[in-house]
Amino acid sequence: MSKERGIRFCGEGVFGGYKFYINRILVKKADIGKSGEDAAVSYLEAEGYVILDRNWRCGHKELDIVCTDGKLIVVVEVKTRLNGEEYPAELLDAGKKRNLLRAGAAYIKSKGIEKELRFDLILLTGENLKLTHYPEAILMSEN
């Protein structure tokens, strides 16, 4: 195993905010997340959604994508995972759901929007970023 500035360069795993691959390509986790969000935006636009905001912040809470389908405001949480299959229920714990619901309510209040909110999840998996869209991943009744 070679080391440079305390960062491991062989094998696979996560260390110091970096994702490692067996072929020794080094990619920042933030870059992986941005690639996933970019793919999600392209997908949503192709599906007819209009993107209103990306990475909207309210204090320490963040909404990855806010868009509309013309009837509803849709808050989309994007999760990108390069290895293995993920299950939606494992990605949105109670705290994350609560923060998304609060941030969504703050968003429509701050923008003066009087439309209903829907909370979706887009999951991108594998090196090819296979996209799966889960509409209504968080129901308002879960609050």
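Is Leu129 buried, partly exposed or exposed? In this predicted model, Leu129 counts as partly exposed, because its relative accessibility is 21% and the partly exposed class lies between the buried residues, under 20%, and the exposed ones, over 50%. Leu129 sits in the loop that runs between strand E9 (117–125) and strand E10, and its backbone deserves a second look, since its phi is near 50°, a positive value in a residue other than glycine. As background, most residues other than glycine have a negative phi.

A second residue with a positive phi is Glu136, where the angle is about 55° although the residue is not a glycine. Glu136 lies in strand E10, and with a relative accessible area of 47% it is partly exposed.

Strand E10 leads us to the sheet, which is open, has five strands in the order E6-E7-E8-E9-E10, and shows mixed pairing. In general, the strands of a sheet pair through backbone hydrogen bonds, either parallel or antiparallel. Here E6 and E10 (130–138) stand at the edges, and each has a single partner strand, so one side of each is left without a neighbour in the sheet. If you follow the sheet across, the twist from one strand to the next averages 30°.

Within this sheet, strand E7 (residues 61–68) and strand E8 (residues 73–81) can be examined as an example of pairing, for they run antiparallel and are joined by four bridges. Among the residues involved is Thr68, whose bridge partner in E8 is Ile73.

The edge strand E6 also takes us to the side chains, and here we may ask how many aromatic pairs the structure holds. There is one such pair, formed by the rings of Trp56 and Tyr107, whose centres are 5.0 Å apart and whose planes meet at 85°, so the pair is edge-to-face. The reasoning rests on a cut-off, because planes over 60 degrees apart count as edge-to-face. It is worth remembering that a pair of aromatic rings is described by the distance of the centres and the angle of the planes.

This pair links distant parts of the chain, for Trp56 belongs to strand E6 (residues 50–58) while Tyr107 belongs to helix H3 (residues 94–111), and the two residues are 51 residues apart. Finally, we can consider how each partner is placed with respect to the surface: Trp56 counts as buried at 14% relative accessibility, and Tyr107 is buried as well, with a relative accessible area of 2%.

Key
Residues numbered from 1 in each chain as written. Predicted model: local features only at pLDDT ≥ 70, side-chain atom pairs only at ≥ 80, totals over all residues. Heavy atoms only, no water. Phe/Tyr/Trp six-rings, centres within 6.5 Å; stacked < 30°, edge-to-face > 60°. Buried < 20%, exposed > 50% of the residue type's maximum accessible area, 1.4 Å probe, protein only. Pairing = 2+ DSSP bridges. Axes fitted to C-alpha atoms, helices over the stretch in contact; angles between N-to-C directions.
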